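Subject: Handing over the structure, with some notes

Hello,

Here is the structure I promised to pass on to you. Have a look around first, and then read on for what turned up in it.

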Amino acid sequence: MADQVAIGSRRGLKPALPLLLPAYLWLTVAIFLPLSAMVFFSFMTDLPLAGKEWAFTLGNYAAFFSQSLYSRLLLSSLRLGLEVTLWCVFIGYPAAYVLAKVLKGRSREAIFLLVILPFWSNGLVRIFSWAMVLREGGILDTALNAVLPFKINIDLMYSYPAVIIGLVHSYVPYMVLTCYLTLQAIDDSLIEAGRSLGASRRQVLWRVIIPLSMPGLIAGSALIFVPVVGSFMEPRILGGRTGTFYGTVIEDQFVAVFNWPLGAALSFILLAVVLIILALAAPVLRRAG
């Protein structure tokens, strides 16, 4: 029986190969080839450009362990990723629940439009818009001073909260969309059954809704945590000197210092750390999902 199923699956795969081939070819060209090149660069003493001499070395990886600055920045970036993910859960999950279970018709469509609106603008535009809002004498400062009877001075630019605000604004739609899909799939009769059995709204939330929507929470958290740890635009523009994180150091190696081998090595160390964290959390997340 198992052999027949395997033969049937192989037969069903052959007609689908022409449809799968473009996607896998693109993934190979766009992902694996650049990664292979970066792996090669990470073990080089210098780029083989303009006749420069180079050799293979482990010094780029050894630099991470010999200089404590890199490990401190990596821990700061991991903390930043965790905080941004928690804020996105706190903001995005209730919004997703309202979209899935409360709003109907055109009101839902209007809120959806607001959720996906950040995707319609360039990331740099969003970041500089927040700079206009958060700086001293900016939109927020001017609006509050126009309403309040006393003078206040709000200047959040070049601060850690400004980095958090910019990153949350950029990534909270991922949490809303992933949680919305799982919340919408929950049968309303399960919620009604829990209420009819005497469970309070809080008990229904913790024992029915959140466990059933956990796959969306996990997917949204992964989509947010991984890129935030290596982010550099928001920390660079909104954080200033306080926005020096692991991602900004990697960017400096490629753009400012032109030390691609060290930048590639630091990038793969970050990739390894993120994969280890996801692997360690996989059993817990699998039970939760």
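To begin with the cysteines: how many disulfides does the structure hold? The answer is zero. Please keep in mind throughout that this is a predicted model. A disulfide needs two cysteine sulfur atoms within 2.5 Å. The sulfur of Cys 88 has its closest cysteine sulfur in Cys 179, and at 10 Å that is too far for a bond. Cys 179 is likewise in no disulfide, with the sulfur of Cys 88 as its nearest, 10 Å away. As for their surroundings, Cys 88 is buried, with a relative accessible area of 0%, and Cys 179 is buried too, again at 0%.

Next, the charged pairs. Searching the whole structure turns up four salt bridges, and I will take you through some of them.

One of them joins Lys 101 to Asp 188, whose closest N and O atoms are 2.8 Å apart. This pair links distant parts of the chain, since Lys 101 sits in helix 3 (residues 68–102) and Asp 188 in helix 8 (residues 188–196), 87 residues apart. Lys 101 is buried, with a relative accessible area of 18%, whereas Asp 188 counts as partly exposed at 37%.

Arg 236 is worth a visit as well. Its side chain meets that of Glu 251 in a salt bridge, 2.8 Å from N to O. Arg 236 belongs to helix 11 (residues 233–239) and Glu 251 to helix 12 (residues 246–255), so this pair ties together parts that lie 15 residues apart in sequence. Arg 236 also forms a salt bridge with Asp 252, with 2.6 Å between the closest N and O atoms. Here too distant parts of the chain are linked, Arg 236 being in helix 11 and Asp 252 in helix 12, 16 residues apart. Through shared partners, the salt bridges join Arg 236, Glu 251 and Asp 252 into one network. Each of these residues is partly exposed: Arg 236 has a relative accessible area of 35%, Glu 251 has 21% and Asp 252 has 26%.

Now to the interior. Which residues touch the most other members of the largest nonpolar core? They are Leu 80, Val 84, Cys 88 and Leu 183, in a core of 31 residues. So the Cys 88 that came up earlier returns here, as one of those residues. The elements that give two or more residues to this core are helix 3, helix 4 (105–116), helix 7, helix 9 (201–212) and helix 10. Helix 7 supplies the largest share, eleven residues. Apart from this core lies another, of 24 residues, including Leu 73, Val 249, Ile 250 and Ala 265. In soluble globular proteins, nonpolar side chains tend to be buried together.

Leu 183 has a set of neighbours you can pick out on screen. Setting aside residues up to four places away in sequence, Leu 183 touches Tyr 93, Ala 96, Tyr 97, Ala 100, Lys 101, Ile 209 and Ser 213. Among them is Lys 101, the salt-bridge partner of Asp 188.

Two of the helices deserve a closer look. Helix 9 has twelve residues and reaches 15 Å from its first C-alpha to its last, close to the 16 Å expected. Its buried residues are Val 204, Val 208, Ile 209 and Ile 210, and they pack against helix 3, helix 7, helix 8 and helix 10.

Helix 10 (residues 214–229) has 16 residues and spans 22 Å, close to the 22 Å expected. Buried in helix 10 are Met 214, Gly 216, Leu 217, Gly 220, Ile 224, Phe 225, Val 228 and Val 229. Seen down the axis of helix 10, these buried residues fall within an arc of 160°, so they line one face of the helix. An α-helix has 3.6 residues a turn, so residues three or four places apart point the same way.

Lastly, try Thr 178, which is found in helix 7 (residues 160–185) and counts as buried at 15% relative accessibility. Leaving out neighbours within four places in sequence, Thr 178 is in contact with Gly 216, Ala 219, Gly 220 and Leu 223. Thr 178 and Arg 236 are 58 residues apart in sequence, and their C-alpha atoms are 28 Å apart in space.

Enjoy exploring!

Best wishes

Notes
Residues are numbered from 1 along each chain as its sequence is written. This is a predicted model: local features need pLDDT of at least 70, side-chain atom pairs count only at pLDDT 80 or more; totals for chains, interfaces and linings use all residues. Side-chain values use heavy atoms; hydrogens and water are left out. Buried means under 20% relative accessible area, exposed over 50%, partly exposed in between (1.4 Å probe, protein chains only). Helices (H or I, at least four residues) and strands (E, at least two) are DSSP runs, numbered from the N terminus. The expected span of a helix is 1.5 Å times one less than its number of residues. The arc is that of the directions from the helix axis to the C-beta atoms. Contact means heavy atoms within 4.5 Å. A nonpolar core is a set of buried Ala, Val, Leu, Ile, Met, Phe, Trp, Tyr and Cys residues joined through side-chain atoms within 4.5 Å.
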